[in-house]
Amino acid sequence: MEPTTPLRDIRSLTQDEIRALVEELGQPAFRAKQLIEWLGEKQAASFDEMTNLPKALRAQLAGRFSFNTPVEVTKQVSRDGSRKYLLQFSDGVAVETVGMPSRGKLAVCVSSQAGCGMRCAFCATGLAGLTRSLTAQEIVDQVLHVQRDFGERVTSVVFMGQGEPFANYDAVVEALRMLNSPDGLNIGARHLTVSTCGVIPGIREFAKLPEQFTLAISLHSAVQGTRNQLMPGVKKYTLLRLHEALQDYVEKTGRRPTYEYAMIDGVNDTNPEMLTLCDFCEGTLCHVNLIQLNHIPDSPFRPSPVEKVEKLQKMLASRGIEATVRNSRGSDIDAACGQLKQRIVNAR
Ligand code: SAH
């Protein structure tokens, strides 16, 4: 049997290509405008939805193009209302995405890669390795999926699912722009947050973007030896260089980076570790997010006791450094930070 080539995703066409297509089909020019609206602002996921296009035209389009939207393999709902999805793309690769509702807002945690190559010792995704990077459309499709499932507008997106966003820089920036665009999902740039384990070339490029996207850095230790053990994938981007890159970022953008610090019992919660973190942050524009490590199966790392987290927050505050203690969401469904596991689903 002849293998059938998959139809091209209509959403990958440029506006010029759509205009040319409409002309080729012998349709009046205003049909192009309607189609562009369905694919942009209205974020259609099928030709059936395009009710102001004639049925015959919709059928013609469906014969030539597809919507390669991901398939929901599983959905788990947490006691706190968070929902974790396993979404599978047309080649069988799947990623996890989390929707987190709170007080009329809806935040989405997206994956930028299937798996991750950074090998952070405390992270479930890191332990499994990298399968492949996602395209911009595949990243945006995760947000659209959550938006449809909740029937609510997504108000913020964090790139804190599987993958290292700056190891997939171009697709991530393209996705950010699709999410931010008034012709797309129209989510404010400040409500779009990219989290990196500290890939310096990515931070330097990110600083040049005109949009006010938010940057988060997974720090986890300000002691080089400890950080090398916890985050071997970014060993070459030393803390000294990271500190310098971040000061340049602040100078250039005027924006405040966030440092993520997951507290691990006996590892990064000792007095010297806490003091070194204070030194790293003092006198710089930053915000520190403290969380207790989420325990993952078979891991030697344990969460620090709550008292240690509170102690570090006080220490930071006494040095004039803003810090927030964050609660994990969705931990009962393994949807919390670092708990997302890469899974490859055998398609057929
Ligand atoms: N690769 C990116 C984004 C993905 S992870 C990055 O490293 O920033 C999102 C956040 O979850 C990161 O801060 C990561 O270090 C953290 N994380 C990973 N495993 C965790 C765990 N077991 N407990 C708490 N946070 C964890």
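Does Cys278 count as buried or exposed, and at what relative accessibility? In this predicted model, Cys278 counts as buried because its relative accessibility is 0%, below the 20% limit. The structure holds zero disulfides. Cys278 is accordingly unpaired, with the nearest cysteine sulfur, that of Cys281, 7.2 Å away. Cys120 is likewise in no disulfide, and the sulfur of Cys197, the nearest to it, is 5.4 Å away. Cys120 also counts as buried, at 11% relative accessibility.

The interior may be approached through its nonpolar cores. In soluble globular proteins, nonpolar side chains tend to be buried together. Here the largest nonpolar core has 81 residues, and those with the most contacts inside it are Phe159, Phe206 and Val288. Helix α5 gives the most to this core, with seven residues. A second, separate core of 19 residues includes Leu13, Trp38, Leu39 and Leu61.

Helix α5 itself spans residues 136–150 and reaches 22 Å from its first C-alpha to its last, close to the expected 21 Å. Twelve of its 15 residues are buried, so the helix is largely enclosed by the rest of the structure. The buried set contains nonpolar residues, including Ile139, Val143 and Leu144, and also Glu138, Asp141 and His145. Just after α5, Gly151 adopts a positive phi of about 65°.

Ile139 of this helix is one of the residues touched by Phe159. Beyond its sequence neighbours, Phe159 also touches Val110, Pro165, Val172, Leu176 and Val194, among others. Val172 lies in helix α6, residues 169–180, and counts as buried because its relative accessibility is 1%. Leaving aside residues within four places in sequence, Val172 is in contact with Ser112, Ile139, Phe159, Pro165 and Val194. Between the C-alpha atoms of Val172 and Lys84, 88 residues apart in sequence, the separation is 21 Å.

Leu285 offers another setting, in the loop between α10 (271–281) and β13 (287–292). At 29% relative accessibility, Leu285 counts as partly exposed. Its contacts, not counting residues up to four places away in sequence, are Val250, Gly254, Arg255, Arg256 and Pro257. The C-alpha atom of Leu285 is 35 Å from that of Ala128, which is 157 residues away along the chain.

Charged side chains add a further set of links. Side chains of opposite charge can pair when their charged atoms come close. The count comes to 21 salt bridges. Lys33 pairs with Glu37, the closest N and O atoms being 4.0 Å apart. Both residues lie in helix α2 (residues 30–39), four residues apart, about one turn of the helix. An α-helix has 3.6 residues a turn, so residues three or four places apart point the same way. Lys33 counts as exposed at 57% relative accessibility, whereas Glu37 is partly exposed at 25%.

Other bridges join distant parts of the chain. Arg132 and Asp91 approach to 2.9 Å between their closest N and O atoms. Arg132 lies in strand β8 and Asp91 in the loop between β4 and β5, 41 residues apart. Arg132 is partly exposed at 21% relative accessibility, and Asp91 is partly exposed at 47%. Lys308 and Asp269 meet in a salt bridge at 3.8 Å, N to O. Lys308 lies in helix α11 and Asp269 in the loop between β12 and α10, so the pair ties together parts that are 39 residues apart in sequence. Lys308 is partly exposed, with a relative accessible area of 29%, while Asp269 is buried at 1%. Finally, Asp141, a buried residue of α5, is linked with Asp9 and Arg11 in a network of salt bridges.

Terms used: Residues are numbered from 1 along each chain as its sequence is written. This is a predicted model: local features need pLDDT of at least 70, side-chain atom pairs count only at pLDDT 80 or more; totals for chains, interfaces and linings use all residues. Side-chain values use heavy atoms; hydrogens and water are left out. Helices (H or I, at least four residues) and strands (E, at least two) are DSSP runs, numbered from the N terminus. The expected span of a helix is 1.5 Å times one less than its number of residues. Buried means under 20% relative accessible area, exposed over 50%, partly exposed in between (1.4 Å probe, protein chains only). A disulfide is a pair of cysteine sulfur atoms within 2.5 Å. Contact means heavy atoms within 4.5 Å. A nonpolar core is a set of buried Ala, Val, Leu, Ile, Met, Phe, Trp, Tyr and Cys residues joined through side-chain atoms within 4.5 Å. A salt bridge is a side-chain nitrogen of Lys or Arg within 4 Å of a carboxyl oxygen of Asp or Glu.
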